[in-house]
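Work through the exercises below with the model open. Try each task before reading its solution.

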Amino acid sequence: MTLTKKILIVANWKMNLNVSQASLLVHKLDKKIPIHKDLEVVLAPPMLQLQPLSLQIDHRKFKLASQDAYYKDEGAYTGQVSFTMLSHLVQYGIVGHSERRNIFNESLTETAQKVAAAYRNGITPILCVGETKIERLSGETNQVLHDQVVSALSNITSEEVRSLVIAYEPVWAIGNGEPAKPKDVANAIKTIKLNVLELYGKKAAEEVRILYGGSVTPDTVSGYIRLPEVDGLLVGGASLNYLSFSDIVANAYRVGRGLTTKQDKA
Ligand code: PGA
């Protein structure tokens, strides 16, 4: 089967790497990753690294994303950075990552305000949604996904929804080497698409791009990218190593073109 979809691979470096380490990683990635027409690679470094990296990256290969930003455009908000300030630097903005929701108590309303702020400033949000282990065990996955999706999209138009990226990131699969099974990912994405369909219609549900994130490694790429529901991956830990991240990109590219990967043959 030849897949023709355009793939999106996002590297979330979280709170890792100083300016020179980040620059070195990009230098190494640049040597390993060619320009791909049907695949977009997006780097989400810490805020401080966005400006220098925007001058360093080959923009034909890499795009930049913020990991978070504040929903007000400007004002007396000590310590915050707004999407307005990022608008010339990044094309994408991660919004509502589970670490923001759970460690920094970001509410559903705040996430919705950030999605709207990103659009207002010409930045495409990558909205993260996903259930915790307890929610999963108590059978609440669909309800949690519904609440997170419906609330986050409440301030935007159906036109905007069509360009949105949603990352399904089950919290129990993040950062622990226990990725979700492709079958479970497919089911969760069906629920997400159904929620988008009910709110914004068929076109929006078809066009919204959906990523999987949670302990992705080069070995697990093909199981997800083969799913018709999955448009790409959000990679945390494995994106800090240039070899594993460039292998993830290479494998996604191969699978997206209907080819096998080294791992498939092993
Ligand atoms: P992980 O992180 O790949 O280290 O599990 C994914 C994420 O939190 O976006």
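The exercises cover the ligand site and then a pocket.

This is a predicted model, in which local features need pLDDT of at least 70, side-chain atom pairs count only at pLDDT 80 or more, and totals for chains, interfaces and linings use all residues. Residues are numbered from 1 along each chain as its sequence is written, and side-chain values use heavy atoms, with hydrogens and water left out.

**Exercise 1.** Find the residues that come nearest to the ligand.

Solution. Start with the shell, taking residues with a heavy atom within 4 Å of the ligand. The ligand has 13 residues around it. Lys 14, His 97, Glu 169, Gly 175 and Ser 215 come nearest.

**Exercise 2.** List polar contacts to oxygen atoms of the ligand, then give its burial.

Solution. Look for pairs of N or O atoms within 3.5 Å.
- His 97 places a polar side-chain atom 2.7 Å from a ligand oxygen.
- Gly 175 has a polar backbone atom 2.6 Å from a ligand oxygen.
- Gly 237 uses a backbone N or O atom, at 2.8 Å.

Now take the area: alone, the ligand exposes 280 Å², and the protein buries 95% of that. Areas come from the Shrake-Rupley method with a 1.4 Å probe.

**Exercise 3.** Which helix gives the most to the lining of the largest pocket?

Solution. Helices here are DSSP runs (H or I, at least four residues), numbered from the N terminus. Helix H4 (98-103) and helix H5 (108-120) each supply at least two lining residues. H4 gives the most, with three residues.

Definitions and conventions
Polar contact = N/O pair within 3.5 Å; in protein donor to acceptor, adjacent residues only side chain to side chain.
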